[in-house]
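Visitor: Could you take me through one helix of this model in detail, and then show me which side-chain contacts are worth a look elsewhere?

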Amino acid sequence: MEEGEDPPAAASPSRRVHIVDDDPMVRTAVARLLRLHGFDVVTHDSAQAFLDAYALDEPGCALVDVAMPGMDGLALQSHFAPQEGPPFVFLSGLADVQACATAMRQGAVDFLKKPVDEAVLVGALETALARDAQARPRREGQRDVERRLGTLTEREREILEHVVEGRLNKQIAADLGIAEKTVKVHRARAMEKMGARSVAAIVRMMERHLGDAAGGK
């Protein structure tokens with residue numbers, strides 16, 4: 001949010017729109033318009049200012065100019081891995097077909113041209129917020145699994161990988177050259193840290209994790 005700008009009192013954080021545009025007149029005018037439609041607006045005068053302020057776990061979407069000094073809008077979009085970060089709606093002063101194609105290929109919700117029809121802009125942002133709300137539980141689940149995996153020791157993770165592959169304790173012990181009792185201890189600790197009460201549960205958890213990770217590449 002820019003200096004001297006008061007945050008809206010009534011808008012919900014789930015309706016947050018980050019405006020990223022180097023033109024102060026555009027930022028002010030668009031922010032005023034969106035607040036009239038009940039959006040929670042935060043403005044940034046550059047892509048870097050947005051990156052410095054944005055947290056991955058916060059809800060919302062981004063309304064971004066394409067041509068900006070330093071990092072432009074497309075570079076900002078590509079800073080985030082696919083299916084991560086906020087949904088992007090671009091608002092450009094130029095009818096650049098190549099830029100539009102790149103933005104949409106990278107997952108943008110829409111690519112609009114200035115001046116934009118008010119209803120079209122609001123509709124695009126509503127779609128972006130709906131997409132964010134739908135994707136957020138999956139992303140939060142993915143991050144939770146990653147956090148839990150980060151608590152495992154190297155041996156616990158190694159044994160967990162064998163468990164997911166369907167290996168029995170005695171098979172894992174033979175593969176790793178350790179006692180079966182040791183396998184049981186590390187396996188129990190890994191399952192507890194992951195919050196899984198059964199092999200089936202940990203297999204489902206890891207399959208979702210790997211599937212989401214592959215989808216984000």
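Guide: Here's a walk along helix α8, followed by its salt bridge and some contacts in other parts. Keep in mind that this is a predicted model.

Let's start with the basics. Helix α8 runs over residues 180-194, so to speak a stretch of 15 residues, and spans 21 Å from its first C-alpha to its last, close to the 21 Å expected at 1.5 Å a residue. Which residues of α8 are buried? They are V183, H186, A190, M191 and M194. These five sit on the same side of α8, because they cover an arc of only 135 degrees around the axis. The general background is simple: an α-helix has 3.6 residues a turn, so residues three or four places apart point the same way. Turn to the face of α8 pointing away from the buried side and you'll find K181 and E192, both exposed. Just after the helix comes G195, with a positive phi of about 70 degrees.

Now for what α8 holds on to. K193 makes a salt bridge with E156, with 2.9 Å between the closest N and O atoms. Since K193 lies in α8 and E156 in helix α6 (residues 154-164), the pair ties together parts that are 37 residues apart in sequence. As for their surroundings, K193 is partly exposed at a relative accessible area of 30%, whereas E156 is buried at 3%.

That bridge belongs to a set of ten salt bridges in the whole structure. Another one joins E126 and R15, whose closest N and O atoms are 3.1 Å apart. Here E126 is in helix α5 (residues 118-150) and R15 in the segment before β1 (16-20), so this pair links parts 111 residues apart in sequence. R15 also lies over the face of F39, at 4.4 Å from the ring centre. Then there's D175 with R167, at 2.6 Å from N to O; D175 is partly exposed at 42% relative accessible area, and so is R167 at 29%. Shared partners also join the salt bridges of R16, D40 and E58 into one network.

Last, the rings. The structure has six aromatic pairs. In one of them, Y54 and F80 have ring centres 5.9 Å apart and planes at 90 degrees, so the pair is edge-to-face. Both count as buried, Y54 at 11% relative accessibility and F80 at 12%. Ring pairs link these two with F50, F88, F90 and F111 into a cluster.

Technical notes: Residues are numbered from 1 along each chain as its sequence is written. This is a predicted model: local features need pLDDT of at least 70, side-chain atom pairs count only at pLDDT 80 or more; totals for chains, interfaces and linings use all residues. Side-chain values use heavy atoms; hydrogens and water are left out. Helices (H or I, at least four residues) and strands (E, at least two) are DSSP runs, numbered from the N terminus. The expected span of a helix is 1.5 Å times one less than its number of residues. Buried means under 20% relative accessible area, exposed over 50%, partly exposed in between (1.4 Å probe, protein chains only). The arc is that of the directions from the helix axis to the C-beta atoms. Rings of Phe, Tyr and Trp (its six-membered ring) pair if their centres lie within 6.5 Å; planes under 30 degrees apart count as stacked, over 60 as edge-to-face and the rest as tilted. A charge sits over a ring if NZ of Lys or CZ of Arg is within 6 Å of the ring centre and within 35 degrees of the ring normal. A salt bridge is a side-chain nitrogen of Lys or Arg within 4 Å of a carboxyl oxygen of Asp or Glu.
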